[in-house]
Amino acid sequence: MAIKGLAALALLSAIHGHQPASPDQPPNLTTWICTSSGGCVAQDTSIVLEWESRVIHETDSPTPCLSTNVINSTICPDPVTCAQNCVVEAANYTHSGVSTAGDTLTLQQYVHENGQPQPASPRVFLLGPDFQYLE
């Protein structure tokens with residue numbers, strides 16, 4: 001367990017400085033904040049996929065910088081070099097089984113790819129109007 005924690009910590013520090021290959025477009029979702037004194041008020045939020053749903057690859061190459069939670073030490077010998085050598089692709093929410101419509105969030109456990117069901121198992125987080133995580 002400690003080894004996985006160290007690997008995750010190393011990975012997070014390694015991908016921290018990466019530039020996105022393309023801008024992420026998190027799906028919008030209307031949520032409601034309700035209090036006993038003020039009733040319910042709509043709030044514009046969005047959903048973001050966890051980082052493991054994103055492809056991290058070498059700049060100008062499909063070579064992965066990360067494979068099964070193991071950093072490619074040739075491309076990423078240290079965090080600074082890794083940030084220079086790798087880009088993070090925008091999340092593909094549909095491919096990951098995530099869709100929104102108004103105040104409805106749908107998380108699919110399987111998506112169809114080339115006519116075959118593929119596991120999706122999305123894990124999402126809620127972002128406020130300022131794009132900060134909501135608790």
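In this predicted model, Cys-34 is partly exposed, with a relative accessible area of 45%, a value that falls between the limits of under 20% for buried and over 50% for exposed residues. Cys-34 forms a disulfide with Cys-40, and the two sulfur atoms lie 2.0 Å apart. The torsion about the S-S bond of this pair is about 115 degrees, so the disulfide of Cys-34 and Cys-40 is right-handed. The covalent link coincides with a pairing in the backbone, since Cys-40 in β3 is also the bridge partner of Cys-34. The strands concerned, β2 and β3, are joined by a hairpin through three residues.

The pairing of β2 with β3, the latter covering residues 39-49, is antiparallel and comprises eight bridges. Among the residues paired in this way is Asn-28, whose bridge partner in β3 is Ser-46. Strand β3 is also joined to β12, again in the antiparallel sense, by four bridges, and here Ile-47 has Leu-126 of β12 as its bridge partner. Together the three strands make up an open sheet with the order β2-β3-β12 and antiparallel pairing. Strands β2 (28-35) and β12 (124-127) occupy the edges, where each has a single partner strand, so one side of each remains without a neighbour in the sheet. On average, and with direction ignored, neighbouring strands of this sheet are turned by 45 degrees against each other.

A search of the whole structure identifies three disulfides, of which the link between Cys-34 and Cys-40 is one. Another joins Cys-65 to Cys-86, with an S to S distance of 1.9 Å, and the value of -100 degrees about its S-S bond makes the link left-handed. This pair connects distant parts of the chain, 21 residues apart: Cys-65 lies in the loop between β4 (56-58) and β5 (66-67), whereas Cys-86 belongs to strand β7 (residues 86-88). Both ends of the link are enclosed by the protein according to their accessibility, as Cys-65 is buried at a relative accessible area of 3% and Cys-86 is buried at 2%.

The sulfur atoms of Cys-76 and Cys-82 are 2.1 Å apart, and these residues likewise form a disulfide. With 55 degrees about the S-S bond, the link of Cys-76 and Cys-82 is right-handed, and both of its cysteines are buried. When the bonded cysteines of the chain are numbered in sequence order, the resulting pairing is 1-2, 3-6, 4-5.

A further hairpin is formed by β10 and β11, with two residues between the strands. Strand β10 comprises residues 110-113 and strand β11 residues 116-119, and the two pair in the antiparallel sense over four bridges. Within this pairing, Val-111 stands opposite Gln-118 in β11. In the turn of the hairpin, Asn-114 has a positive phi of about 55 degrees.

As regards aromatic side chains, the structure holds one aromatic pair. The ring centres of Phe-125 and Tyr-133 are 6.0 Å apart and the ring planes stand at 85 degrees, so the arrangement is edge-to-face. The two residues fall into separate accessibility classes, for Phe-125 counts as partly exposed at 32% relative accessibility, while Tyr-133 is exposed, with a relative accessible area of 58%.

Phe-125 is also in contact with Glu-50, a residue whose contacts, leaving aside neighbours within four places in sequence, are with Arg-123 and Phe-125. Glu-50 is found in the loop between β3 and β4 and is buried, with a relative accessible area of 14%, which is under the 20% limit that defines this class. The residue in the loop thus lies in contact with Phe-125, which in turn takes part in the edge-to-face pair with Tyr-133.

Technical notes
Residues numbered from 1 in each chain as written. Predicted model: local features only at pLDDT ≥ 70, side-chain atom pairs only at ≥ 80, totals over all residues. Heavy atoms only, no water. Pairing = 2+ DSSP bridges. Axes fitted to C-alpha atoms, helices over the stretch in contact; angles between N-to-C directions. Disulfide = S-S within 2.5 Å. Buried < 20%, exposed > 50% of the residue type's maximum accessible area, 1.4 Å probe, protein only. Phe/Tyr/Trp six-rings, centres within 6.5 Å; stacked < 30°, edge-to-face > 60°. Contact = heavy atoms within 4.5 Å.
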